[in-house]
Amino acid sequence: MFMRLLIALLLGSLLTAINSMAQDALSGVRIIEGVVQQRPPNTRQTLGKRYVWNFKGKSYTILMTIDIENYNSYDGKERYDIPRMVEEGRTTTGNLTREFQNVFKRHREWSKQDRVDFVLSFVQSLPYTLDDVTTGYDEFRRYAIETLIEGGGDCEDTTILVAAILRGLGEKTALIFTPGHIALGVSGNFTGASVTYNGTKYYHCETTGTGWTVGTLPPSSSTTVTDIIPLAPTKIGTTPKPDRVTIPTPTPREPSPEITTPTPQTPPIKTTPEAPKSETQTDAQSKSRLGTAIVILFILIGLGISTVYFLHRAFKEQREY
């Protein structure tokens, strides 16, 4: 019985390690106070992205690299089930959520509303784009990683992205549907516009346009709720040991922030030009090799324990015989 339990635990650890390495599509994620001009370099395997926005009079920059193979895997995926798309976004953007956690640790004076508004302000800074213009389809829902790599989307796309991040932060949220529109509701000690469902009050979070805080309903928004779908909070784990990366020094000036990653008008990216390996990519490869070695070590330990156990048992039975 003991051996079976030990083997089960080893296999569980193995599956968890493999699953965690395979899911997150983002690496080298950093949120920096100030405007950073440089962005992570493009390689054959990754695409470097930079986003700049304002919150409470300060500029912030997000730098990240996105795995192109992971992004291309969404081509042809089902796009009907929004809650499932949110859950998948929670796992693929885990490193971004962890970096938001790091910012909150540096700003312990922020209230819960400040933290939610900070995430909202980032997502609101992404340009609003129409599906029929950017994709050729009247209705085309994007997964969280697609919205990040394409630099914007419509209300469905940005709601899916912000819901994925806030779910990963442990917030209790719900999708709020009104005629021709979708927004996110967040439960908490807030004020303003809200919807109550099964005894829980969800405060309105608008993702299109800038400046909308929790509980603020834009004048053009409908107050007729056609549907509400609660999303269970599932917090992303604590921040792992950070990758060794070089962070450019923020420039002292604060120009008007802008997103320098416009929505592409072409089909999903399949390859990018050849580029020399960056320090971040080299570290990621070393980390991957280390993870693989640890997994193999777990397997060998499990096999060794099993072999010793069965040999001991066989020897014991032979002596009794």
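Tutor: Let's start with a term: a salt bridge here is a side-chain nitrogen of Lys or Arg within 4 Å of a carboxyl oxygen of Asp or Glu. This is a predicted model, in which local features need pLDDT of at least 70, side-chain atom pairs count only at pLDDT 80 or more, and totals for chains, interfaces and linings use all residues. Residues are numbered from 1 along each chain as its sequence is written, and side-chain values use heavy atoms, leaving out hydrogens and water.

Student: Happy to begin! What is the mean pLDDT of the chain?

Tutor: The pLDDT is the predictor's confidence in each residue, on a scale from 0 to 100. In this chain, 67% of the residues reach 70 or more, and the mean is 77.

Student: Among the elements of the chain, which helix has the lowest mean pLDDT?

Tutor: Helices are DSSP runs of H or I with at least four residues, strands are runs of E with at least two, and both are numbered from the N terminus. The highest mean pLDDT, 97, belongs to helix α5 (residues 112–124), and the lowest, 44, to helix α6.

Student: And how many contacts does the stretch 131–138 have beyond near neighbours in sequence?

Tutor: A contact means heavy atoms within 4.5 Å. The pLDDT is below 50 over residues 131–138, and beyond near neighbours in sequence the number of contacts in the model is 18.

Student: Back to your opening term: how many salt bridges are there?

Tutor: One example is the pair K77 and E88, whose N and O atoms are 2.4 Å apart. The two sit 11 residues apart, K77 in the loop between α2 (68–72) and α3 (82–92), and E88 in helix α3. K77 and E88 also belong to a salt-bridge network with E78 and R84. By this rule, the full count is 13.

Student: Is E88 buried or exposed?

Tutor: Buried means under 20% relative accessible area, exposed means over 50%, and partly exposed lies in between (1.4 Å probe, protein chains only). K77 has 29% relative accessibility, so K77 is partly exposed. E88 has 17%, so E88 counts as buried.

Student: How many residues apart in sequence are the parts that E146 and R79 tie together?

Tutor: The side chains of E146 and R79 form a salt bridge at 2.7 Å, N to O. Because E146 lies in helix α7 (residues 144–150) and R79 in the loop between α2 and α3, the separation of the parts they tie together is 67 residues.

Student: Which residue forms a salt bridge with E171?

Tutor: The closest N and O atoms of this pair are 3.2 Å apart. E171 lies in the loop between α8 (155–168) and β4 (173–178), and its partner is in helix α5, so parts 59 residues apart in sequence are tied together. E171 is buried at 10% relative accessible area, while the partner, partly exposed at 31%, is K112.

Student: Which element gives the most to the largest nonpolar core?

Tutor: A nonpolar core is a set of buried Ala, Val, Leu, Ile, Met, Phe, Trp, Tyr and Cys residues joined through side-chain atoms within 4.5 Å. The largest has 53 residues, of which I62, L96, F100 and F118 touch the most other members. With 7 residues, the element that gives the most is α8.

Student: Last one: what percentage of the residues count as buried?

Tutor: The chain contains 9 helices and 8 strands. Of its 321 residues, the buried share is 46%.
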